[in-house]
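Good morning, everyone, and thank you for making the time. Please have a look at the sequence and the structure before I start talking you through them.

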Amino acid sequence: MPKIKLGGQAIEFRLRESKRAKRLSIRFIPQSGFEVVYPMGKTKSEALAFLEEQERWVLKIWSEAQAEANNLTRGRHYVDGVELPYFGKSITFKLRASGETADYKFSKDQLELTLPKRFHADQRLLRNIVEDFYRLQAKRYLPARTWELAQLYGFHYNRVRIKNQKTRWGSCSAKRNINLNLRLMMAPDGAIDYVIIHELCHLRELNHSPAFWTLVEAYCPDYLRWKDWFRQYGPSLIL
C-alpha cells in the first residue's frame with residue numbers, strides 16, 4: 001500500500017474511483033488505513049492533493065488510532081482490587097486462592113476470581129478468564145438488545161455474532177449479519193445502543209454517506225454524543 005508523508009509521519013492510503021461518489025471524500029479503515037474516494041471526472045492527482053489538504057484531520061485520526069492500538073497491545077494489568085469497566089460503571093476485580101480449580105462469581109459491583117495461588121501472576125490466564133466473563137455477558141445482552149431495537153425500528157437482519165475485535169466496535173456485512181464487540185459490555189447502555197443502531201442502519205445504507213448519518217440520527221438523536229464518547233473513552237476499554 002502506498003504511503004504519504006504528512007507532518008513527518010508516513011501515512012498509508014489508497015485511492016479508489018467510484019461511480020456513485022459525487023465528491024472527494026476520505027475515510028479511515030482501521031485494518032488498512034486511509035481511503036480517498038474520488039468521483040468520475042476527477043483524477044488521482046486531484047485525489048492525492050485533497051488528501052494533503054486534509055492533513056490536520058488525517059494526522060488527528062491517525063494519532064488516535066495509534067494510541068488505541070498501543071493501549072490494546074499493552075492490555076490491562078490484573079491484580080486484586082483493580083477496577084474494571086462494566087456498563088459504564090466500575091466493578092472491583094477480586095483475586096482469591098483456591099485448590100486446583102478456577103472459577104469466578106459475579107455480583108452487582110464485583111467480579112471474584114478464584115484459582116490456584118501459583119497462577120495469580122499469570123496475566124495471560126487472568127486476561128483469558130476475564131475475557132470469557134465479558135463474552136458471556138455480551139452473548140446474554142447484545143443479541144437480545146439488537147433484536148429489541150430491530151423490532152422497534154423495523155430492521156431485519158440474519159444473525160448477530162460476538163467478537164473481540166481490536167479496532168472495531170461493530171460491523172455489518174452485505175449478507176445482513178451483524179458483528180458486535182464483546183468489549184461493548186464495558187460501555188454505558190446508551191453507547192451500546194448507538195453502536196447497535198449504527199450497524200442496523202447499515203442494513204439500509206452500507207456506507208457512511210450523509211443519508212446514512214441522517215438515518216442514524218433518526219433513531220439515535222444524540223449519536224454525536226456517543227461518537228465523541230467512544231473517541232474519548234474507547235481507548236481505555238481494554239482487556
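I will go through two sheets, then the helices that pack around them and on each other, and one single residue. Please keep in mind throughout that what you see is a predicted model.

Let me begin with the sheet of four strands, which is open, runs in the order β5-β6-β8-β7 and has mixed pairing. The edges are taken by β5, residues 83–86, and β7, residues 103–107, and each of these has a single partner strand, so that one side of each is left without a neighbour in the sheet. On average, and ignoring direction, neighbouring strands here are turned by 30° against each other.

Within that sheet, strand β6, residues 89–98, runs parallel to strand β8, residues 110–116, and the two are joined over 7 bridges; as one example to find on your screen, Lys94 has Glu112 in β8 as its bridge partner. On the other side of the mixed pairing, β7 and β8 are antiparallel over 5 bridges, and Tyr104 stands opposite Leu113 of β8. These two strands, β7 and β8, make a hairpin, with 2 residues between them.

The other sheet has 3 strands, is likewise open and mixed in its pairing, and follows the order β9-β11-β10. Here β9, residues 159–163, and β10, residues 170–172, are the edge strands, and since each has a single partner strand, one side of each has no neighbour in the sheet. The twist from one strand to the next averages 15°. The pairing of β9 with strand β11, residues 177–181, is parallel and extends over 5 bridges, with Arg161 standing opposite Asn179 in β11.

Which helices pack on this sheet? One of them is α3, which touches β9 and β11, and whose direction makes about 155° with that of β9. Another is α4, which touches β10 and β11 and makes about 155° with the direction of β11.

Staying with α4, let me turn to its helix neighbours. The axes of α4, residues 189–201, and α5, residues 210–219, come within 9 Å and cross at roughly 135°, and the two helices are therefore oblique to each other. Their crossing is right-handed. From α4 the contact uses Tyr194, Ile197, His198 and Cys201, and from α5 it uses Phe212, Trp213, Leu215, Val216 and Tyr219. By class, that contact of α4 with α5 has 8 nonpolar residues, 1 polar residue and no charged ones.

How is α4 placed against α6, residues 223–233? Their axes are 9 Å apart and the packing angle is about 105°, so α4 and α6 are roughly perpendicular to each other. In this contact, Gly190, Ala191, Tyr194 and Val195 of α4 meet Tyr223, Trp226, Lys227, Trp229 and Phe230 of α6, and the residues divide into 7 nonpolar, 1 polar and 1 charged. You will notice that Tyr194 is named in the contact with α5 and also in the contact with α6.

Finally, a single residue, Arg124, which is found in helix α3, residues 123–153. Is Arg124 buried or exposed? Its relative accessible area is 65%, and because exposed means over 50%, Arg124 counts as exposed. The C-alpha atoms of Arg124 and Tyr78 are separated by 9.5 Å, although these residues lie 46 residues apart along the chain.

How values were computed
Residues numbered from 1 in each chain as written. Predicted model: local features only at pLDDT ≥ 70, side-chain atom pairs only at ≥ 80, totals over all residues. Heavy atoms only, no water. Axes fitted to C-alpha atoms, helices over the stretch in contact; angles between N-to-C directions. Parallel < 35°, antiparallel > 145°, perpendicular 65-115°, else oblique. Left-handed = near helix turned anticlockwise from the far one by under 90°. Contact = heavy atoms within 4.5 Å. Nonpolar A, V, L, I, M, F, W, Y, C, P; charged D, E, K, R; others polar. Pairing = 2+ DSSP bridges. Buried < 20%, exposed > 50% of the residue type's maximum accessible area, 1.4 Å probe, protein only.
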